[in-house]
Amino acid sequence: MKDDIIDISKKLKNVSRLYIINGENGFLPTYNNLIAEYSNGHIISDVNNVKIN
């Protein structure tokens, strides 16, 4: 599964600007950092102060 996430993230990098809303609550595993790393995505932790261009 991790390899699939990396492959898809690399593909997204070429076609889209990716913003990841980090709703992590500590109970479920997350791949947000992995996705952000391979897609050049941006992780948003505080949605109250977000400005997306």
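How many helices and strands does the secondary structure of the chain come to? Two helices and two strands. Keep in mind that this is a predicted model. If you walk along the chain from the N terminus, the elements come in the order α-β-α-β.

Let's start with the chain as a whole. It has 53 residues, and 19% of them count as buried. Its accessible surface comes to about 4,400 Å², and carbon and sulfur atoms account for 49% of that surface. What about contacts along the sequence? Take those between residues at least 6 apart: 49% of them join residues at least 24 apart.

Now zoom in on helix H2, which covers residues 32–39. Its buried residues are Asn32, Leu34, Ala36 and Ser39. Which elements help to cover the buried residues of H2? The cover includes helix H1 (2–15), strand S1 (19–21) and strand S2 (42–44).

Asn32 is a good residue to look at in detail. With a relative accessible area of 14%, Asn32 counts as buried, because the cut-off for buried is under 20%. Set aside its neighbours within four places in sequence, and Asn32 is in contact with Ile20, Ile21, Asn22 and Ile43.

Next, move just past the end of H2 and you meet Asn40. Asn40 is found in the loop between H2 and S2. Most residues other than glycine have a negative phi. Asn40, however, has a positive phi of about 60° although it is not a glycine. Is Asn40 buried or partly exposed? Asn40 is partly exposed, with a relative accessible area of 49%.

Over on helix H1 you will find Leu12. Leu12 is partly exposed as well, with a relative accessible area of 30%. Together with Ile8 and Val15, Leu12 forms a nonpolar patch on the surface. The accessible area of these three residues together is about 280 Å². Here is a general point to keep in mind when you look at a helix. An α-helix has 3.6 residues a turn, so residues three or four places apart point the same way.

Here are the three residues with their values side by side.

| Residue | Where | Relative accessible area | Class |
|---|---|---|---|
| Asn32 | helix H2 | 14% | buried |
| Leu12 | helix H1 | 30% | partly exposed |
| Asn40 | loop between H2 and S2 | 49% | partly exposed |

Technical notes. Residues are numbered from 1 along each chain as its sequence is written. This is a predicted model: local features need pLDDT of at least 70, side-chain atom pairs count only at pLDDT 80 or more; totals for chains, interfaces and linings use all residues. Side-chain values use heavy atoms; hydrogens and water are left out. Helices (H or I, at least four residues) and strands (E, at least two) are DSSP runs, numbered from the N terminus. Buried means under 20% relative accessible area, exposed over 50%, partly exposed in between (1.4 Å probe, protein chains only). Contact means heavy atoms within 4.5 Å. Accessible areas come from the Shrake-Rupley method with a 1.4 Å probe; for residues, only the protein chains shown count as cover. Patches are made of residues with over 30% relative accessible area and no salt bridge: like charges are joined within 9 Å, nonpolar side chains (Val, Leu, Ile, Met, Phe, Trp, Tyr) within 5 Å. A salt bridge is a side-chain nitrogen of Lys or Arg within 4 Å of a carboxyl oxygen of Asp or Glu.
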